[in-house]
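Visitor: Could you walk me through this structure, one question at a time?
Guide: Gladly. Let us look at it together.

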Amino acid sequence: MEDFEDDPRALGARGHRRSVSRGSYQLQAQMNRAVYEDRPPGSVVPTSAAEASRAMAGDTSLSENYAFAGMYHVFDQHVDEAVPRVRFANDDRHRLACCSLDGSISLCQLVPAPPTVLRVLRGHTRGVSDFAWSLSNDILVSTSLDATMRIWASEDGRCIREIPDPDGAELLCCTFQPVNNNLTVVGNAKHNVHVMNISTGKKVKGGSSKLTGRVLALSFDAPGRLLWAGDDRGSVFSFLFDMATGKLTKAKRLVVHEGSPVTSISARSWVSREARDPSLLINACLSKLLLYRVVDNEGTLQLKRSFPIEQSSHPVRSIFCPLMSFRQGACVVTGSEDMCVHFFDVERAAKAAVNKLQGHSAPVLDVSFNCDESLLASSDASGMVIVWRREQK
């Protein structure tokens, strides 16, 4: 990976936030750094959710745990236009949303039966490329090919604010800053990433940087101090995020494969008891799903292994399974251009494929688990969203 000269850190400006003091953010940053810097080699990272997550995962094998009984429901309100993103709400079992290139976003509820579309958010004049739930699920942010981002109230579907891209370019991806949800990072077609304050609608000073191509994917680490961005030229850049000011400092660059678009990046602080290094899961148009190890505090990446899928041109995405850290083995899930959903055990040396779900009639673009892994949603290039139900043992 390439090194970049560190820019002088901005000391005087304050970040845009509400109700949380600067001191609180500094304390949180110190606590988060401890996860990376003060962890003894070979130790298990303790979390307050460990016992609950272990109970939900149970004692089943990885293959048994990811056996699915079939389709729970099919949403077809966006048929004929691709659905590039589907996401369950945070810590929620039955609420999900999906965005479409038809310019709208659907909010769906799975229980009580039958599953329903609660509301459709309309306002973008071109396709919606990406969206994200805030931590409390009360806000959604969306990006669109119409060169705007919109802030929505999930309770009533009201558009709270429309924010034009600072460069007037198509917006292609977005993510909330995980510690300060008043800040959102967006990537655009003019090769730029921008940190945006969603309360003021303005770009954060020092919160912009240029990549080598169209910015297609963004992901923070859990503490919110490292950001990775991938572009359509095959590069992944890491940035140091200043918790106090919102400033970005470019740190490292990895060329995954020259000319192969990086369509998805997912970060995980630790993968399992057997693989406790921070990791990054990357889709690029290489017909491989790539798992990288994060080797230092500047986001340097080292390839750990790859898994075979079909992806040559579509913006396919993948995820880490939310509960995998508390059982033997570790599972990741990805879409694929072969119209299937693929499950892989990242710790299994041979025959890593755990399961494959068939049912889509177009390339599968995105996948999302609910919080207890009882349901999985997948979306495809024809506009279909399938919710799969896990077998109950």
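Visitor: Are phenylalanine 68 and phenylalanine 343 buried or exposed?
Guide: This is a predicted model, and the cut-off for a buried residue is a relative accessible area under 20%. Phenylalanine 343 has a relative accessible area of 0%. Phenylalanine 68 and phenylalanine 343 are both buried.

Visitor: What kind of pair do the rings of phenylalanine 68 and phenylalanine 343 form?
Guide: Rings count as tilted when their planes are neither under 30 degrees apart nor over 60. Here the planes stand at 45° and the ring centres are 5.5 Å apart, so the pair is tilted.

Visitor: How many residues apart in sequence are the parts that this pair ties together?
Guide: Phenylalanine 68 belongs to strand S2 and phenylalanine 343 to strand S25. Their pair therefore ties together parts of the chain whose separation in sequence is 275 residues.

Visitor: Which residue forms an aromatic pair with tyrosine 66 at 5.8 Å centre to centre?
Guide: The whole structure holds six aromatic pairs. One of them is tilted, with 35° between the planes, and joins tyrosine 66 to phenylalanine 343. Tyrosine 66 sits in the loop between helix H3 (62-65) and strand S2 (68-75), 277 residues from its partner in strand S25 (residues 340-345). With a relative accessibility of 0%, tyrosine 66 is buried, and its ring partner is phenylalanine 343.

Visitor: Which residues do the ring pairs link into a cluster?
Guide: Phenylalanine 343 pairs with tyrosine 66 and also with phenylalanine 68. Ring pairs bring one further residue, Phe369, into the picture, and the cluster is made up of Tyr66, Phe68, Phe343 and Phe369.

Visitor: Let us turn to a sheet: which are the edge strands of the open sheet with the order S3-S4-S5-S6?
Guide: This open sheet has four strands with antiparallel pairing, and its twist averages 20° from one strand to the next. An edge strand pairs on one side only, which is the case for strand S3 (85-88) and strand S6 (116-122).

Visitor: Which residue stands opposite valine 86 in S4?
Guide: S3 and strand S4 (residues 95-99) pair in the antiparallel sense, with four bridges between them. Opposite valine 86 in S4 stands cysteine 98.

Visitor: How many residues of strand S21 are buried?
Guide: Strand S21 covers residues 288-294 and has seven residues. The strand is mostly covered, and the number of its residues that are buried is five.

Visitor: In the hairpin of S20 and S21, which residue takes a positive phi?
Guide: Strand S20 (residues 279-284) pairs with S21 in the antiparallel sense over six bridges, and alanine 284 stands opposite lysine 288 in S21. Three residues lie between the two strands of the hairpin, and the one with a phi near 55° is serine 287.

Visitor: And in the hairpin of S21 and S22, which residue takes a positive phi?
Guide: S21 runs antiparallel to strand S22 (residues 301-308), joined by seven bridges. Leucine 303 in S22 is the bridge partner of tyrosine 292. Six residues lie between the strands of this hairpin, and the positive phi, near 85°, belongs to glycine 299.

Visitor: Finally, what percentage of the chain do buried residues make up?
Guide: The secondary structure comes to three helices and 29 strands. Of the contacts between residues at least 6 apart in sequence, 53% join residues at least 24 apart. The chain has 393 residues, and the buried ones make up 57%.

Note on methods
Residues are numbered from 1 along each chain as its sequence is written. This is a predicted model: local features need pLDDT of at least 70, side-chain atom pairs count only at pLDDT 80 or more; totals for chains, interfaces and linings use all residues. Side-chain values use heavy atoms; hydrogens and water are left out. Rings of Phe, Tyr and Trp (its six-membered ring) pair if their centres lie within 6.5 Å; planes under 30 degrees apart count as stacked, over 60 as edge-to-face and the rest as tilted. Buried means under 20% relative accessible area, exposed over 50%, partly exposed in between (1.4 Å probe, protein chains only). Two strands pair if DSSP finds at least two bridges between them. Axes are lines fitted to C-alpha atoms, for helices over the stretch in contact, and angles run from 0 to 180 degrees between N-to-C directions. Contact means heavy atoms within 4.5 Å.
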